[in-house]
Amino acid sequence: MGLIRSLWERLLGARAEDPEIIPERLIVGLGNPGSQYAATRHNIGFRILERLAERAGGQWRMDRDLEARIAAVELAGRACLLVEPQTFMNRSGRSVARALDRWPDLDPSSDLLIAYDDMDLPTGRIRLRPKGGGGGHNGIGSVLAELDTKEIPRLRFGVGRPESGAGVLDWVLAPFLPEEEDLLHAAVDRAVEAIEASIRDGVSVAMGQFNASS
């Protein structure tokens, strides 16, 4: 553990061009910066990563070159970097692209995982996928456009849909209902476990465990 801690202290203080220090995985949560958005449905990607950092003992800091908050953690014996873009949702891909430019040995199809909200799933339901389109989500759409590929593993977290006639933007930028919070606590923990399983066993194996029972 001391060796890993030393590695990450070097990573977080390293110059971008240092070729010796490379995270093994990037885990990105999508959301909007600012306290006014913290509890909203659109920020569930941030909420998942913050729970992951809490469990793994990661410390957050701002990386201005990446335009993102980052935290270094060890998951399943691998050095992982948690990334929360601070560019607002529809420009999230810029931070992801800069991270991959900094560490060009990382392959987005195997070394990257994106966590974000999905209205097509009931609240609290999670789905892992190894690739796919944007599904109308501006954040993952920005990532796909910046990286010019759909071969990006992702964890979709259900936030439900508004009632007929209600505005989609108002829905995703609103907080979860009080009665949803008990469900959310367990569901966020399950999302964290799914990410850990994806790092340990691969997305395809983790899908079989978490997609069927969530």
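These legends go with a set of close-up views of one predicted protein model.

**View 1. The whole chain, before we zoom in.**
Start with the overall count: the protein chain has 7 helices and 7 strands. Read from the N terminus, these elements come in the order α-β-α-β-β-β-α-β-β-α-β-α-α-α. There are 214 residues in the protein chain, and 49% of them are buried. The accessible surface adds up to about 10,200 Å², with 47% of that belonging to carbon and sulfur atoms. Now take the contacts between residues at least 6 apart in sequence: 70% of them join residues at least 24 apart.

**View 2. The open sheet and its two edges.**
Here you can follow 7 strands across an open sheet, in the order β2-β3-β4-β1-β5-β7-β6, with mixed pairing. The edges belong to β2 (61-63) and β6 (126-129); each has a single partner strand, so one side of each is left without a neighbour in the sheet. On average, neighbouring strands of this sheet are turned by 25 degrees against each other, direction ignored. Over at the β6 edge, β6 and strand β7 (residues 154-158) run antiparallel and are joined by 4 bridges. One spot to look for is Ile-126, which stands opposite Phe-157 in β7.

**View 3. Strand β4 and its neighbours.**
Strand β4 covers residues 78-85, and 7 of its 8 residues are buried. Which way do β1 and β4 run, parallel or antiparallel? Strand β1 (residues 25-29) runs parallel to β4, with 4 bridges joining the two. Within this pairing, Val-28 has Val-83 of β4 as its bridge partner. Strand β3 (residues 68-75) also pairs with β4, this time in the antiparallel sense and over 8 bridges. There, Arg-69 has Glu-84 of β4 as its bridge partner. The hairpin of β3 and β4 leaves 2 residues between the strands, and Ala-76 takes a positive phi near 50 degrees in it. Something to keep in mind while you look: side chains in a regular strand alternate between the two faces of the sheet.

**View 4. Helix α3 lying across the strands.**
Helix α3 (residues 92-102) lies across β1, β2, β3, β4 and β5, and runs at about 170 degrees to β1. How many of the 11 residues of α3 are buried? The count is 8, which leaves α3 mostly covered. Among the buried ones are Gly-93, Val-96, Ala-97 and Leu-100. What covers the buried residues of α3 includes strands β1, β2, β3, β4 and β5, plus helix α4 (138-147). A handy rule for reading such a list: an α-helix has 3.6 residues a turn, so residues three or four places apart point the same way.

**View 5. Helix α4 and the residue that follows.**
Next comes helix α4, whose buried residues include Ile-140, Val-143, Leu-144 and Leu-147. What do the buried residues of α4 pack against? They pack against helix α3 and strands β5 and β7. After α4 you reach Asp-148, where phi is positive, near 55 degrees.

**View 6. An aromatic pair between two loops.**
A search of the whole structure turns up 1 aromatic pair. The partners are Tyr-37 and Phe-88, with ring centres 6.2 Å apart and planes at 85 degrees, so the pair is edge-to-face. Tyr-37 sits in the loop between β1 and α2 and Phe-88 in the loop between β4 and α3, so the pair ties together parts that are 51 residues apart in sequence. Are these rings' residues buried or partly exposed? Tyr-37 counts as partly exposed at 21% relative accessibility, and Phe-88 is partly exposed too, at 37%.

**View 7. Thr-40 and Arg-41.**
Thr-40 has its place in the loop between β1 and α2. With 3% relative accessibility, Thr-40 counts as buried. Leaving out residues up to four places away in sequence, Thr-40 touches Val-172, Leu-173, Ala-174, Pro-175 and Phe-176. The C-alpha atoms of Thr-40 and Val-159 are separated by 9.8 Å, although these residues are 119 apart along the chain. As for Arg-41, look for Trp-171: Arg-41 lies over the face of that ring, at 3.9 Å from the ring centre.

Definitions and conventions
Residues are numbered from 1 along each chain as its sequence is written. This is a predicted model: local features need pLDDT of at least 70, side-chain atom pairs count only at pLDDT 80 or more; totals for chains, interfaces and linings use all residues. Side-chain values use heavy atoms; hydrogens and water are left out. Buried means under 20% relative accessible area, exposed over 50%, partly exposed in between (1.4 Å probe, protein chains only). Contact means heavy atoms within 4.5 Å. Accessible areas come from the Shrake-Rupley method with a 1.4 Å probe; for residues, only the protein chains shown count as cover. Two strands pair if DSSP finds at least two bridges between them. Axes are lines fitted to C-alpha atoms, for helices over the stretch in contact, and angles run from 0 to 180 degrees between N-to-C directions. Rings of Phe, Tyr and Trp (its six-membered ring) pair if their centres lie within 6.5 Å; planes under 30 degrees apart count as stacked, over 60 as edge-to-face and the rest as tilted. A charge sits over a ring if NZ of Lys or CZ of Arg is within 6 Å of the ring centre and within 35 degrees of the ring normal.
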